[in-house]
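Here's a quick tour for the bench. Have a look at the fold first, then read on for the rings, strands and cysteines.

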Amino acid sequence: MQFFTNELSNIYDRDEISSVFYLVTEHLTGMRRSQAIMAHNDLLSADAHKGYIKILERLKAGEPLQYVLGEASFFELTFRVNKNVLIPRPETEELVDWVIRSCNTRKGLQILDIGTGSGCIAVSLKKFIPEAVVTALDISEEALEVAGNNALLNEVDVHFVQADILTFSTADKYDIIVSNPPYIGGSEKAEMHANVLDFEPHLALFVADERPLLFYEAIADFAKVSLRIGGLLFFEINARYGIETVQMLSSKGFTNIELKQDMQGNDRMIRANFLDGTA
């Protein structure tokens, strides 16, 4: 592991380097951390050594480990990822958990995930609420290909739709609409790590500073038409605009609006009821 430490010390701290090393080792050799520690000298076969070097070069260039390995863990499941989709985040796991806990007494659910990306939300919801009918929408054909492969990988049936939510309409009705849309303003780029800016898809990340709630407003308007009475709308949000997003939803007739913090103490999620069909 020492050569990993030497090469990556300017990117990761020591604990992160250790974690990265053993994840790479498992990827290359199939050995978990405990096995790798026991077999330390046997890891560096000629083929394994070449694999380590190739991966190191990509990591040194700042590429996220998940893209290098081609997969990410999310909600106890494995998802394939590439440059066409965002890397699933722990905060989004919290959103999925909230949706599942909110639905544990509901049966025959129709669920729509808007801006599905890798499919991590839709696939996880279908996996843990198997009786639900889950639809996932994205504007990107490339992202939908990744999401479709992830549904196959995790052995769930999700219906995928390619569409732009800013113009999309449907006669279908849903009990749950959930979305983690683009919410980072252009002015926030200076605060972001280079490995995000340089490698993750900007289409899924950014929205104009002039309209930070553009997608939230569009999805709320869509939900007013497409949610069944008593349905629930869930958002992952930009912590900067928690209060503004709540106020926007209230102005559009949503009720029982709850703003929830993530484990880091940031305003990160919203749940709202749709109770009035005339809203």
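## A cluster of phenylalanines

Let's start with the aromatics: Phe 74, Phe 75, Phe 79 and Phe 128 are linked by ring pairs into a cluster. Keep in mind that you're looking at a predicted model. The whole structure comes to 9 aromatic pairs. One of them is Phe 74 with Phe 75: the ring centres sit 6.3 Å apart and the planes make an angle of 35°, so this pair counts as tilted. Both Phe 74 and Phe 75 are buried.

## The hairpin that carries them

Where do Phe 74 and Phe 75 sit along the backbone? Strand E1 covers residues 71-74, and it forms a hairpin with E2, with 2 residues in between. Phe 75 is in that turn, and its phi is positive, at about 55°. E1 and E2 run antiparallel and are joined by 4 bridges, with Phe 74 standing opposite Leu 77 in E2.

In a regular strand, side chains switch back and forth between the two faces of the sheet. Strand E2 (residues 77-80) shows such an alternation. Leu 77 and Phe 79 point to one face and are buried, while Thr 78 and Arg 80 point to the other face and are not buried.

## The seven-stranded sheet

Now for the open sheet, which has 7 strands in the order E5-E4-E3-E6-E9-E11-E10, with mixed pairing. Which strands are at the edges? Those are E5 (159-162) and E10 (255-261), each pairing on one side only. From one strand to the next, the twist averages 15°.

Strand E6 (residues 174-179) has 6 of its 6 residues buried, so the rest of the structure largely encloses it. Its pairing with strand E3 (residues 110-114) is parallel, over 4 bridges, and Ile 111 has Ile 176 in E6 as its bridge partner. E6 also runs parallel to E9, and 5 bridges join those two. Here Tyr 174 stands opposite Leu 227 in E9.

E9, in turn, is joined to strand E11 (residues 267-274) by 6 bridges, and this time the strands run antiparallel. Met 269 in E11 is the bridge partner of Glu 236. Helix H11 (residues 242-251) lies across E9, E10 and E11, running at about 165° to E10.

## A tryptophan tied to the sheet

A pair of aromatic rings is described by how far apart the centres are and by the angle of the planes. How are the rings of Trp 98 and Phe 234 arranged? Their centres are 5.6 Å apart and their planes stand at 80°, so the pair is edge-to-face. Trp 98 belongs to helix H6 (residues 90-102) and Phe 234 to strand E9 (residues 227-236), so this pair ties together parts 136 residues apart in sequence. Trp 98 and Phe 234 are both buried. Trp 98 has another neighbour as well: Lys 260 lies over the face of its ring, 5.5 Å from the ring centre.

## Cysteines without a partner

If you're wondering about disulfides, the count is 0. Cys 103 is in no disulfide, and the nearest cysteine sulfur, in Cys 120, is 16 Å away. Why is there no bond from Cys 120 to Cys 103? Their sulfurs are 16 Å apart, which is too far for a bond, given that the cut-off is 2.5 Å.

Are these two cysteines buried or exposed? Cys 103 has 3% relative accessibility and so counts as buried. Cys 120, at 9%, counts as buried too, since the limit for that label is under 20%.

Key
Residues are numbered from 1 along each chain as its sequence is written. This is a predicted model: local features need pLDDT of at least 70, side-chain atom pairs count only at pLDDT 80 or more; totals for chains, interfaces and linings use all residues. Side-chain values use heavy atoms; hydrogens and water are left out. Buried means under 20% relative accessible area, exposed over 50%, partly exposed in between (1.4 Å probe, protein chains only). Rings of Phe, Tyr and Trp (its six-membered ring) pair if their centres lie within 6.5 Å; planes under 30 degrees apart count as stacked, over 60 as edge-to-face and the rest as tilted. A charge sits over a ring if NZ of Lys or CZ of Arg is within 6 Å of the ring centre and within 35 degrees of the ring normal. Two strands pair if DSSP finds at least two bridges between them. Axes are lines fitted to C-alpha atoms, for helices over the stretch in contact, and angles run from 0 to 180 degrees between N-to-C directions. Contact means heavy atoms within 4.5 Å.
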